[in-house]
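Student: I'd like to go through the ligand site in this one. Can you walk me through it?

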Amino acid sequence: MVAQAPHGPKPILHTTNYRTPPCCSFLQNGYTADMAIGRVISAQALSEAEETFNVSLRPKSLDECIGQQNVREKLSIAIAAAKKRGEPLEHMLFYGPPGLGKTTLTNVVAHERGARIRSSSGPALVKAGDVMGLLTNINVGDVLFIDEIHRLSTPVEEFIYPAMEDVRVDFTVDSGLHAKTINFPLKRFTLIGATTRAGLLSAPLRSRFGMLYHLDFYTTGELTEILSRSAQLLKLVCEEGTPERIAARSRGTPRVANRLLKRVRDYAQVKGSGTLSIEIVDNALKMEQIDALGLDELDRSFLRALATVYNGGPAGIEALAATLGEERDTLEDVVEPYLLQIGFVRRTKRGREITRQACEHLGLEQQKR
Ligand code: ADP
């Protein structure tokens, strides 16, 4: 018997290494945390041009990737071993803040293993039928990439378990008295999940990944290398020290670094001769309201609210989100990770607290409690 074609909205399906469009935003304004990390904090989604810009700058092989040394080493061994055995790779999970290279590494892994890639995202897979459509089109060794995997619904998640473990799915057709469960064998594939919130993944789903990789913020040196490579690809003329200057203000994030490079390129072409100089970089970033540490207006508002409205904290994330008129997810995914990393915010059981360094940076007096 043949399973009926699943009904309902079709899952997003890409067979190229194009990034999944953020269809079901969890932010009211219609953009996702991934976009917000590009600091497009407005109703405007990333323009297509910007997406093309990013895609063209994406490294294609492990050797082309910069930073994440540890993860790259482990991946290169896993890929070599899988090739030697002639087997598909084990299921993998990449987790870490947006813009650090989860999608890039997924494409690199598929490319290195010589596998086709199909992409979707957690919010796009609403029903078991959506996943069924994806899985039945998969060939041996293909990579199925699910971005924002922590946002899969429970029924979809449970539907995926046997696919990951036993390479089969139990698909129910019809309902009530006529309901029938069809056991559908699949081809062996590799599921690669990406998430900014590994903590929100259920234990059963997490335990079904054979490899879990945490991506960390990049050092200024690594970002300088990434920017030099991007500048070369974009055929930009950079004076000495300019990639470092941008790297230092990129919040440890390649996506932010590439985005700032683009802003500086625009500025250089309009206000200068097109060459990137220190002065051009400083002026362009000043116009973007990016300060010496790479903090933007939203970061500063977050810190100021904590310092002034909540007397330095502790303050709950919901309260801060309400004060700023922002989504809690934006603050947790986009703003906080870097502020925690540079020691400007402390997370305690009672809430968020501002640190002395943050107050000094903003020129505020720390409130005595
Ligand atoms: P994520 O999926 O974690 O949100 P992406 O994989 O989309 O992040 O990466 C954002 C951009 O940063 C990519 O378009 C790519 O140009 C750049 N990038 C990410 N990782 C690297 C890397 N290791 N080396 C060079 N560029 C990178």
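Tutor: Sure, ask away. One thing up front: this is a predicted model, where local features need pLDDT of at least 70, side-chain atom pairs count only at pLDDT 80 or more, and totals for chains, interfaces and linings use all residues. Numbering runs from 1 along each chain as its sequence is written, and side-chain values use heavy atoms, with hydrogens and water left out.

Student: How far is the polar side-chain atom of Thr103 from an oxygen atom of the ligand?

Tutor: Look for a polar contact, meaning a pair of N or O atoms within 3.5 Å. Lys102 offers a polar backbone atom at 2.8 Å from a ligand oxygen, and Arg255 puts a polar side-chain atom 2.8 Å from one. For the Thr103 side chain, the distance to a ligand oxygen is 2.6 Å.

Student: How much of the ligand does the protein bury?

Tutor: Accessible areas here come from the Shrake-Rupley method with a 1.4 Å probe. Taken alone, the ligand exposes 560 Å². Of that, the protein buries 98%.

Student: How many residues surround the ligand?

Tutor: A residue is near the ligand if one of its heavy atoms lies within 4 Å of it. The closest are Gly99, Lys102, Thr103, Thr104 and Arg255. The full count around the ligand is 20 residues.

Student: Which helices each supply at least two residues of that shell?

Tutor: Helices are DSSP runs (H or I, at least four residues), numbered from the N terminus. The ones you want span 48-57, 102-113 and 254-271. They're helix H2, helix H4 and helix H10.

Key: A polar contact is a pair of N or O atoms within 3.5 Å; within protein, one must be able to donate a hydrogen and the other to accept it, and residues adjacent in sequence count only if both atoms are side-chain atoms.
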